[in-house]
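Open the model in your viewer and keep the selection panel at hand. The stops below go from the interior outward.

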Amino acid sequence: MSLQIGITGGIGSGKSLVCRIFSALGVPVYSADDRAKWLLNHDEKLKKTVEALLGAEAYLPDGSYNRPWVAGKVFNNPILLRELNAIVHPRVGEDTQAWHKRHKKARYVVKEASIMAKAGQNNSLDKVVVVHSPIDLRVARVMQRDPQRSATEIQDIIARQVSDEERLKIADYVIYNDDSQLLIPQVWQLHQLFSKR
């Protein structure tokens with residue numbers, strides 16, 4: 001079975017960029033956040049369960065997931081957010097397992113997710129890589145990427161995410177995306193390491 005590497009980092013840290021580099025090196029990459037969005041839009045059973053929890057407004061008339069409405073509904077309601085996650089996360093877990101089976105011949109695979117536990121802690125990950133960047137740089141990156149968002153809004157999102165300190169505690173490896181070190185050599189070094197087994 002392939003070595004399973006988790007990659008995580010806060011909003012604007014550059015974890016998606018790091019995953020694109022791994023992908024360019026021929027490594028299969030699974031984005032849990034992207035797949036969750038896809039499943040919320042296309043998995044009929046999941047859609048029905050979300051509607052049962054949140055109501056018909058969770059989906060637009062064309063059947064697509066009403067992300068802004070749902071975000072507004074769960075934003076200040078941690079209990080409802082937990083209930084929504086309890087529906088979505090197991091489905092993403094099943095999807096991940098099916099994806100792993102399709103890539104079992106790869107030396108290693110990468111799973112990207114914004115929420116992640118330590119390797120081996122209720123997951124099948126062998127190692128966790130944390131992509132780390134200073135908060136001011138992360139805010140600037142997100143503002144450039146999403147000009148409709150204000151600095152305050154982005155800082156609110158960062159405040160609700162896992163703290164950098166907590167994230168670094170689960171790291172087996174850290175990639176520094178802080179403009180002081182080149183990114184590709186750091187990814188290449190890990191690629192060489194993970195390809196050896």
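**Stop 1: the nonpolar cores**

In this predicted model, the largest nonpolar core has 27 residues, and Val50, Leu54 and Leu84 have the most contacts inside it. To see where the core comes from, select helix H2 (32-42), helix H3 (44-54), helix H4 (67-74), helix H5 (78-102) and strand S4 (127-132); these elements each give two or more residues to it. H5 gives the most, with six residues.

Next, select Leu54. Which residues does Leu54 touch, not counting residues up to four places away in sequence? They are Trp69, Val70, Lys73, Val74, Leu80 and Leu84. Apart from this core lies another, of 17 residues; Ile7, Phe22, Tyr108 and Val131 are among them. In soluble globular proteins, nonpolar side chains tend to be buried together.

**Stop 2: H1 against H9**

Show helix H1 (residues 15-24) together with H9. Their axes come within 10 Å and cross at roughly 55 degrees, which makes H1 oblique to H9. The crossing is right-handed. For the side chains, select Leu17, Val18, Ile21 and Phe22 in H1, which meet Leu183, Ile184, Val187, Leu190 and His191 in H9. The residues of this contact divide into eight nonpolar, one polar and no charged.

**Stop 3: Asp179**

Move to the loop between strand S5 (173-176) and helix H9 (183-195), and select Asp179 there. Although Asp179 is not a glycine, its phi is positive, about 65 degrees. Is Asp179 buried or exposed? Asp179 counts as exposed because its relative accessibility is 62%, and the cut-off for exposed is over 50%.

Methods: Residues are numbered from 1 along each chain as its sequence is written. This is a predicted model: local features need pLDDT of at least 70, side-chain atom pairs count only at pLDDT 80 or more; totals for chains, interfaces and linings use all residues. Side-chain values use heavy atoms; hydrogens and water are left out. A nonpolar core is a set of buried Ala, Val, Leu, Ile, Met, Phe, Trp, Tyr and Cys residues joined through side-chain atoms within 4.5 Å. Buried means under 20% relative accessible area, exposed over 50%, partly exposed in between (1.4 Å probe, protein chains only). Helices (H or I, at least four residues) and strands (E, at least two) are DSSP runs, numbered from the N terminus. Contact means heavy atoms within 4.5 Å. Axes are lines fitted to C-alpha atoms, for helices over the stretch in contact, and angles run from 0 to 180 degrees between N-to-C directions. Angles under 35 degrees count as roughly parallel, over 145 as roughly antiparallel, 65 to 115 as roughly perpendicular and the rest as oblique. A crossing is left-handed if the near helix is turned anticlockwise from the far one by less than a right angle, and right-handed if clockwise. Ala, Val, Leu, Ile, Met, Phe, Trp, Tyr, Cys and Pro count as nonpolar, Asp, Glu, Lys and Arg as charged, and the others, Gly among them, as polar.
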